[in-house]
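Biologist: Please give me a close look at a single part of this model, the charged side chains and what they touch. Take it step by step, and state the cut-offs as you go.

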Amino acid sequence: SKWDDIIGAWVDADTKGDYKVTYAWKLADRVVEVNSKYRGVETVGLMGVNAKNGDVFHMGADSAGGSSLGKWDIEDNGDAVLSIVFTGGDGEQGSLNIRHHREDKDTVLVTLELPEPIKIKLVRAKK
């Protein structure tokens, strides 16, 4: 998929940290833990591979009481798209596609595919 080097910490390019996401192997070559923090809300997710069909799933929950379940797909252009269904802490439900486009090895453009798309440029965090 050419996304194996996503492991590490990433921050939004504009503020260098108001939004931060970290991808780390939880179980080598099987499960990735995804931790993010934005505007005081922490989110923890797990990405894994369904051994039967090879689908990459994603499940998560946040500190505001929300939860999500989704599936990753790699498009022909190389973009990784997470399609999720979610329930907010208030009980509201919805669905969303989150597109990840690699600009280079240290830059990812994330687009929340809403009627008015929200774009966030992530850069690899400096150690």
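Modeller: What follows starts with two arginines of one strand and then turns to their surroundings. This is a predicted model, in which local features need pLDDT of at least 70 and side-chain atom pairs count only at pLDDT 80 or more, while totals for chains, interfaces and linings use all residues. Residues are numbered from 1 along each chain as its sequence is written, and side-chain values use heavy atoms, with hydrogens and water left out.

The structure holds eight salt bridges. The term stands for a side-chain nitrogen of Lys or Arg within 4 Å of a carboxyl oxygen of Asp or Glu. In general, side chains of opposite charge can pair when their charged atoms come close.

Take Arg99. Its place is in strand E8; strands (E, at least two residues) and helices (H or I, at least four) are DSSP runs numbered from the N terminus. With a relative accessible area of 18%, Arg99 is buried, because buried means under 20%, exposed over 50% and partly exposed in between (1.4 Å probe, protein chains only). The side chain of Arg99 meets that of Glu75 in a salt bridge, at 2.7 Å from N to O. Glu75 lies in the loop between strand E6 (67–74) and E7, and Arg99 in strand E8, so the pair ties together parts that are 24 residues apart in sequence. Glu75 itself is partly exposed, at a relative accessible area of 32%.

Arg99 has a further partner in Asp79, whose side chain makes a polar contact with that of Arg99 at 3.1 Å. A polar contact is a pair of N or O atoms within 3.5 Å; within protein, one must be able to donate a hydrogen and the other to accept it, and residues adjacent in sequence count only if both atoms are side-chain atoms. A network of salt bridges links Glu75, Asp79, Arg99 and Glu113. Apart from residues within four places in sequence, the contacts of Arg99 (heavy atoms within 4.5 Å) are Glu75, Asn77, Asp79, Ala80, Val81, Leu109, Val110, Thr111 and Glu113.

Next comes Arg102, which is found in strand E8. Arg102 is buried, with a relative accessible area of 18%. Its salt bridge is with Asp5, the closest N and O atoms being 2.8 Å apart. Asp5 sits in the segment before strand E1 (8–12), 97 residues from Arg102, and the pair links distant parts of the chain. At 32% relative accessibility, Asp5 counts as partly exposed. The side chains of Arg102 and Asp5 are joined by a polar contact of 2.8 Å, and the side chain of Arg102 reaches the backbone oxygen of Asp104 at 3.4 Å.

The early part of the chain appears again in the backbone distances. Trp3 and Arg102 are 99 residues apart along the chain, with their C-alpha atoms separated by 8.7 Å. Leaving aside neighbours within four places in sequence, Arg102 is in contact with Lys2, Trp3, Asp5, Ile6, Trp10, Thr107, Val108 and Arg124.

Arg124 has a salt bridge of its own, with Asp106, the closest N and O atoms being 2.7 Å apart. Here the loop between E8 and E9 supplies Asp106 and strand E10 (residues 118–124) supplies Arg124, the two being 18 residues apart. Asp106 counts as partly exposed at 27% relative accessibility, and Arg124 is partly exposed with a relative accessible area of 23%.

Trp10, a contact of Arg102, leads to the nonpolar interior. Of the 17 residues in the largest nonpolar core, Trp10 and Tyr23 touch the most other members. Such a core is a set of buried Ala, Val, Leu, Ile, Met, Phe, Trp, Tyr and Cys residues joined through side-chain atoms within 4.5 Å. At least two residues of this core come from each of strands E2 (19–27), E3 (31–38), E7 (80–87), E8 (93–104) and E9 (107–112). E7 gives the most, with three residues. Tyr23, not counting residues up to four places away in sequence, touches Ile6, Ile7, Gly8, Trp10, Val32, Glu33, Val34, Met47 and His100.

In short, Arg99 pairs with Glu75, and Arg102 pairs with Asp5.
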